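Please find below a colleague's note on the model, set out as numbered points. It may be read side by side with the sequence and the coordinates.

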Amino acid sequence: MAIAENYDEVLQGKYPAKEHARKVAKWIIDKGGDKNGTIYLEAQKQKLQEDNDSEAPFRQRRYFFYLSGCELPDSYLTYEIATDKLTLFVPPVEPDEVIWSGLPMSPKEAKAKYDIDECKTTKEVNPHLASETESARSTIYAIQEQVSDDITFLSYNEKEFSLLKPAIEYSRVTKSDYEIALIRKANVISTTAHVNVMKAAAKAKNECELEAVFLKSCVERNAKNQAYHSIVAAGENGATLHYVHNADTIKNQNLLLLDAGCEVDCYASDITRTFPIKGDFTTESLAIYNIVLDMQKQCIDALKAGVLWDSIHELAHKIAIKGLLDLGILKGDAQAIFKARTSVAFFPHGLGHYLGMDTHDTGGNANYADKDSMFRYLRVRGTLPARSVITVEPGIYFCRFIIEPYLKDAEQSKFIDEKVLEKYWSVGGVRIEDNILIVEGGVENLTPTPKEVDEIVKLVKEG
């Protein structure tokens with residue numbers, strides 16, 4: 001059986017907060033940290049809208065959630081490394097609040113729900129911190145900008161604010177079965193939403209309509225939060241990498257690029273599909289689609305634990321160059337084009353990124369100061385460990401703002417045939433994105449969304 005394949009069965013258990021706490025503590029100790037120290041984290045505060053008495057949308061702090069699995073605002077936690085004790089602090093009963101919002105979760109209910117050793121109310125946070133034993137209070141590990149003004153660490157000999165954040169960020173790269181199950185479930189729900197958009201596309205008059213179809217499909221499956229703002233881009237709008245307007249009229253554009261994914265219990269999906277709005281590709285859009293699909297398939301096939309992600313990104317560019325040469329958009333020697341980085345004009349972003357509690361998840365070691373244009377926006381650098389989840393999202397785009405400077409550069413323009421290029425501007429952009437679990441010796445594709453040409457054409461035409 002694949003890892004966490006039966007996600008519903010896996011999700012009957014508890015979010016593995018203790019496992020995560022131990023993992024983070026080990027990272028700290030391996031970096032020379034105090035094996036008798038205490039980890040301290042705070043949940044996000046519930047805030048009001050500015051100039052308004054309504055609550056702002058709540059998004060839990062991922063650092064806190066990783067060690068608690070708790071979605072409650074205004075909460076706290078401690079993890080005593082030496083005794084392996086994880087304590088959660090939840091808001092107490094406030095009568096004035098109960099009138100409006102009902103009873104909050106009690107400490108007893110929280111202890112039953114979460115993978116913790118003890119639960120107290122938030123009124124006990126400072127007394128708890130002050131009462132730690134001498135051996136346990138040597139060092140307090142916290143994230144400095146996430147410590148409330150009323151919290152005191154006076155009983156601790158050392159206050160360490162630099163290790164906890166990277167410890168959690170790097171620990172998050174490799175996933176437990178439970179985390180993989182959440183991502184798999186998010187992918188299944190998002191797949192239904194993508195398919196529903198494909199079926200609705202032919203009759204849509206506006207990008208807004210299709211965004212609404214996607215959102216409805218997620219919300220009615222109890223995935224009420226989106227992992228990120230959807231990209232619903234018709235025609236040349238697809239050439240804008242992070243297009244978020246989603247309000248243009250749909251008339252005669254050929255393709256729709258849909259980059260959208262829901263979130264399940266703080267874990268993201270991130271899926272892109274590009275398909276013909278009325279069900280028929282043009283000659284040009286089909287040619288580009290097939291190149292991108294080939295890029296994605298070959299790159300996925302090349303993945304396994306320990307592979308250098310940078311080299312997979314290079315592979316995507318080499319496949320793109322071959323495809324664009326075959327179409328006549330590029331001309332000249334493939335190796336020379338690769339060396340000149342001309343393909344960056346058509347594929348300017350990185351091949352993918354880690355996925356988890358954040359869409360662009362932590363631990364990727366990106367280098368945005370890289371002078372090499374091919375790698376500047378690559379969000380993950382280095383080798384991929386087993387149990388990491390990464391997106392594979394190659395694309396080819398016809399964005400005038402990006403390509404025209406290449407046409408004005410003598411060293412670059414010699415590799416581009418402007419007359420052939422002219423036929424492709426209307427394609428806009430094509431991107432295909434799946435969420436890939438890295439395992440020893442290969443991968444598992446967590447994204448079951450249709451992407452073969454005959455599959456997506458059939459879905460659109462059947463409506």
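The points that follow take up the cysteines, the cores, two strand pairs, the largest pocket and a few loop residues.

1. The model is a predicted one, and the remarks below should be read with that in mind. A search of the whole structure for disulfides finds zero. A disulfide is a covalent bond between the sulfur atoms of two cysteines. For Cys70, the closest cysteine sulfur is that of Cys119, at 7.8 Å, and no bond is assigned because this is too far, the cut-off being 2.5 Å. Seen from Cys119, the closest cysteine sulfur is in turn that of Cys70, again 7.8 Å away and too far for a bond. Both side chains are nonetheless in buried residues, Cys70 having a relative accessible area of 0% and Cys119 one of 13%.

2. The largest nonpolar core takes in 131 residues, and Ile39, Ile288, Phe346 and Phe398 are those with the most contacts inside it. Helix α8, which spans residues 177-200, provides the largest share of this core, with 11 residues. Another core lies apart from it and has 10 residues, including Tyr76, Leu129, Ile151 and Tyr156.

3. Which residues is Phe398 in contact with, leaving aside its neighbours within four places in sequence? The list comprises Ala239, Ile288, Ile329, Phe346, Ile403, Leu421, Tyr424, Trp425, Val427 and Gly428. Of these, Ile288 and Phe346 are also named among the residues with the most contacts inside the largest nonpolar core.

4. Strands β16 (residues 434-439) and β17 run antiparallel and are joined by four bridges, with Ile436 having Asn445 of β17 as its bridge partner. The two strands form a hairpin with two residues between them, and Gly441, in the turn, has a positive phi of about 80°. Along β17 (residues 442-445) the side chains alternate, such that Gly442 and Glu444 point to one face and are buried, whereas Val443 and Asn445 point to the other face and are not buried. In a regular strand the side chains alternate between the two faces of the sheet.

5. Strand β8 (residues 231-234) offers another case, for Ile231 and Ala233 point one way and Val232 and Ala234 the other way, yet all are buried. β8 pairs with strand β9 (residues 255-260) in the antiparallel sense over four bridges, and Leu257 in β9 is the bridge partner of Ala233.

6. The loop between β8 and β9 holds Asn246, a residue other than glycine whose phi is positive, near 50°. Asn246 is buried, with a relative accessible area of 1%. Asp84, found in the loop between β2 (76-80) and β3 (85-90), likewise has a positive phi, of about 60°, although it is not a glycine. Asp84 is partly exposed, its relative accessible area being 22%. Most residues other than glycine have a negative phi, and most peptide bonds are trans. A colleague checking the backbone may therefore wish to look at such residues, given that most residues other than glycine have a negative phi.

7. How much space lies in the largest pocket? The value is about 860 Å³. Its lining is made up of 30 residues, of which Phe65, Glu71, Val264, Asp265 and Cys266 lie nearest the centre of the pocket. The elements that give two or more residues to this lining are α3, α8, β7 (225-226) and β10 (262-264), and the largest share, four residues, comes from α8. Helix α8 thus appears here as well as in the largest nonpolar core, to which it gives 11 residues.

8. Two further loop residues complete the note. Gln44 is found in the loop between β1 (38-42) and α3 (62-66), and is buried, with a relative accessible area of 18%. Leaving aside its neighbours within four places in sequence, Gln44 is in contact with Phe58, Arg59, Gln60, Arg61, Pro73 and Asp74. Asn222, by contrast, is exposed, with a relative accessible area of 60%, and is found in the loop between α9 (207-219) and β7. From C-alpha to C-alpha, Asn222 and Met357 are 17 Å apart in space, while in sequence they are 135 residues apart.

Conventions:
Residues are numbered from 1 along each chain as its sequence is written. This is a predicted model: local features need pLDDT of at least 70, side-chain atom pairs count only at pLDDT 80 or more; totals for chains, interfaces and linings use all residues. Side-chain values use heavy atoms; hydrogens and water are left out. Buried means under 20% relative accessible area, exposed over 50%, partly exposed in between (1.4 Å probe, protein chains only). A nonpolar core is a set of buried Ala, Val, Leu, Ile, Met, Phe, Trp, Tyr and Cys residues joined through side-chain atoms within 4.5 Å. Contact means heavy atoms within 4.5 Å. Two strands pair if DSSP finds at least two bridges between them. On a 1 Å grid over the protein atoms alone, a cavity is a set of points where a 1.4 Å probe fits but cannot get out, and a pocket is an open set with protein on both sides within 12 Å along at least five of seven lines; lining residues have an atom within 4 Å of a point. Grid points are joined across faces, edges and corners, and a volume is the space filled by probe spheres set on the points.
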